[in-house]
Amino acid sequence: MKKVLALVLALALCLTAFAALADGVAKEDIKLGVILLHDEDSTYDLNFINGVKDAAAALGLADEQVIIKRNIPESNDCYEAALDLADEGCQIVFADSFGHETFMLQAAKELPNVDFCHATGTMAHTEKLDNFHNAFAAIYEGRYLAGVAAGLKLNEIKEAGKLKGEAPVMGYVGAFTYAEVVSGYTSFYLGAKSVCPDVTMKVQFTGSWYDEKEEKAAAEALIAAGADLISQHADSMGAPTACENAGIPDVSYNGSTVESCPNTFIVASRIDWAPYFQYIIGQKIAGEAIDTDWTGTIATGSVKLTDVNEQAAAAGTAEKLAEIKAAFEAGTLKVFDTATEGFITVENGKALNEYMADVDTDPAYEKDTQVVSDGYFHESEFRSAPYFDVNIDGIELLNTAF
């Protein structure tokens, strides 16, 4: 009897293994389709292109196994591009811009055998489709680190007596007033404030993710308004170019600008998308489910800084950033620390002890989830896309039309 049971168990295990193999895709047959809002001229889209290439190289995929569609607007063109990629044999289709989401969701509902993955979106965890997925990373930690580098530079400028005013001021070029941007510039400011307590920041929005002329003009306006240093959440070389022209220190985003701006570029934070691309391709090959809502971290290699440009950065910057990064990895530091008295305040010094955030996004944008507990704001823990949208003391919004 024991031999019969052993035989049955072995047969069951073999059938299970065969089923898993049958559900998977052979590596030589896998195809990934990628939809980009812009092209290589956009630092944002270039970062995704580099991530795809790195992942494909690491997995040993041939060039024809990755199909990239560039300059696809946030319109029905995205839906058509997604269908085209599926028709070309892509088992996974990925899109990189917030406004692509509804069109990717439409395609996912029509093609249940294709996995549709979308960066920065908010709907996957509530739609609950097996083949529709969101992904982002804890880039607020990277922004905080970049802010620390900015704060150290401001201290250096202050000690040299070269501030434009009595206290250090940063300028920040933002695209829109979305939570993703608010979370980014707030974490950058908090990083700077952690080492330069008297810093304040002015934010100028452009109303576009990629508009080199407007981004350059916004940076120039911030410099004219007294900014001692500039950073950005926008995708062109506009702001870095304005800084290099004016000799103003700059903290970039999505990649180093040191070749074009050797005298002013300090450091840049970015999301490395290669780990996510490797993950979704690997899951598809193995016949295993892709996470509905995936958040990359420093630990997964998804949040990174460029090398520090020692020519422009304050002395000791690289060492300080290594120290802060280690604290994030150990879990002993939280970006949105609400427990430290006076660190995050709203409405003229009021502590942020509680906050209801719009996590389960609906048409009315109702606040639905308490996100402050245990002494910090739990960003990107209830879903991958940021939902920190609090206006805190020390940050002045120069325009809010976007």
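Select the residues around the second largest cavity to begin: in this predicted model, its lining divides into 6 nonpolar, 3 polar and 1 charged residue. The residues to highlight are Tyr44, Phe48, Thr120, Phe136, Glu180, His233, Tyr253, Asn254, Ile271 and Trp273, and the space that they line has a volume of about 60 Å³.

**The largest cavity**

Next, select Leu37, Tyr44, Ser97, Phe98, Thr120, Glu180, Trp209, His233 and Asp235, which line the largest cavity. About 80 Å³ of space lies inside this cavity, and its lining is made up of 4 nonpolar, 3 polar and 2 charged residues. Tyr44, Thr120, Glu180 and His233 are worth keeping highlighted as you go from one cavity to the other, since they appear in the lining of the largest cavity and again in that of the second largest. In the whole structure, a search finds 3 cavities of 30 Å³ or more.

**The largest pocket**

From the cavities, turn to the largest pocket, which has a volume of about 610 Å³. It is lined by 20 residues, and those to select at the start are Phe98, Thr122, Thr361, Tyr365 and Arg383, the closest to the centre of the pocket. If you then colour helix 4 and helix 7 (179-195), you will see two elements that each supply at least two residues of this lining. By class, the lining of the largest pocket holds 8 nonpolar, 6 polar and 6 charged residues. Phe98, already selected for the largest cavity, is met again here among the residues closest to the centre of the pocket.

**The aromatic cluster**

Keep Tyr44 and Phe48 selected and add Phe94, Trp273, Tyr276, Phe277, Tyr279 and Trp294, because these residues together form one aromatic cluster. The structure as a whole holds 25 aromatic pairs. Within the cluster, zoom in on phenylalanine 94 and phenylalanine 277, whose rings form an edge-to-face pair with 4.8 Å from centre to centre and 65° between the planes. This pair links distant parts of the chain, with phenylalanine 94 in strand 3 (residues 92-95) and phenylalanine 277 in helix 10 (residues 274-286), 183 residues apart. Phenylalanine 94 counts as buried, at 0% relative accessibility, and phenylalanine 277 is likewise buried, also at 0%.

Staying with the cluster, select tyrosine 276 and tyrosine 279, which form a tilted aromatic pair, 6.2 Å centre to centre and with 35° between the planes. Both of these tyrosines lie in helix 10, 3 residues apart, which is about one turn of the helix. Tyrosine 276 has a relative accessibility of 0% and therefore counts as buried.

**Charges over rings**

Now return to Tyr253, which you selected in the lining of the second largest cavity, and show arginine 143 beside it: the arginine lies over the face of tyrosine 253, at 3.6 Å from the ring centre. For another arrangement of this kind, go to lysine 334, whose charged end sits over the ring of tyrosine 376, 4.7 Å from the ring's centre.

**Salt bridges**

The last part of the tour concerns charged pairs, and a search of the whole structure finds 11 salt bridges. Begin with arginine 70 and glutamate 40, whose closest N and O atoms are 2.7 Å apart. Arginine 70 is in the loop between strand 2 (66-69) and helix 3 (76-87), while glutamate 40 is in the loop between strand 1 (32-35) and helix 2 (43-59), so that the pair links distant parts of the chain, 30 residues apart. With a relative accessibility of 35%, arginine 70 counts as partly exposed, and glutamate 40 is partly exposed as well, at 34%.

Move next to lysine 109 and glutamate 127, a salt bridge in which the closest N and O atoms are 4.0 Å apart. Here too distant parts of the chain are linked, lysine 109 being in helix 4 (residues 101-110) and glutamate 127 in helix 5 (residues 124-127), 18 residues apart. Lysine 109 is exposed, with a relative accessible area of 52%, whereas glutamate 127, at 31%, counts as partly exposed.

Finish at arginine 270 and aspartate 272, whose side chains meet in a salt bridge of 3.8 Å from N to O. Salt bridges that share partners join Arg270, Asp272 and Lys304 into one network, so add Lys304 to the selection before you leave. Both arginine 270 and aspartate 272 are buried.

How values were computed. Residues numbered from 1 in each chain as written. Predicted model: local features only at pLDDT ≥ 70, side-chain atom pairs only at ≥ 80, totals over all residues. Heavy atoms only, no water. 1 Å grid on protein atoms, 1.4 Å probe; cavity = no way out; pocket = protein on both sides within 12 Å on 5 of 7 lines; lining within 4 Å. Points joined across faces, edges and corners; volume = space filled by probe spheres on them. Nonpolar A, V, L, I, M, F, W, Y, C, P; charged D, E, K, R; others polar. Helix = DSSP H or I, 4+ residues; strand = E, 2+ residues; numbered from the N terminus. Buried < 20%, exposed > 50% of the residue type's maximum accessible area, 1.4 Å probe, protein only. Phe/Tyr/Trp six-rings, centres within 6.5 Å; stacked < 30°, edge-to-face > 60°. Lys NZ or Arg CZ within 6 Å of the ring centre and 35° of its normal.
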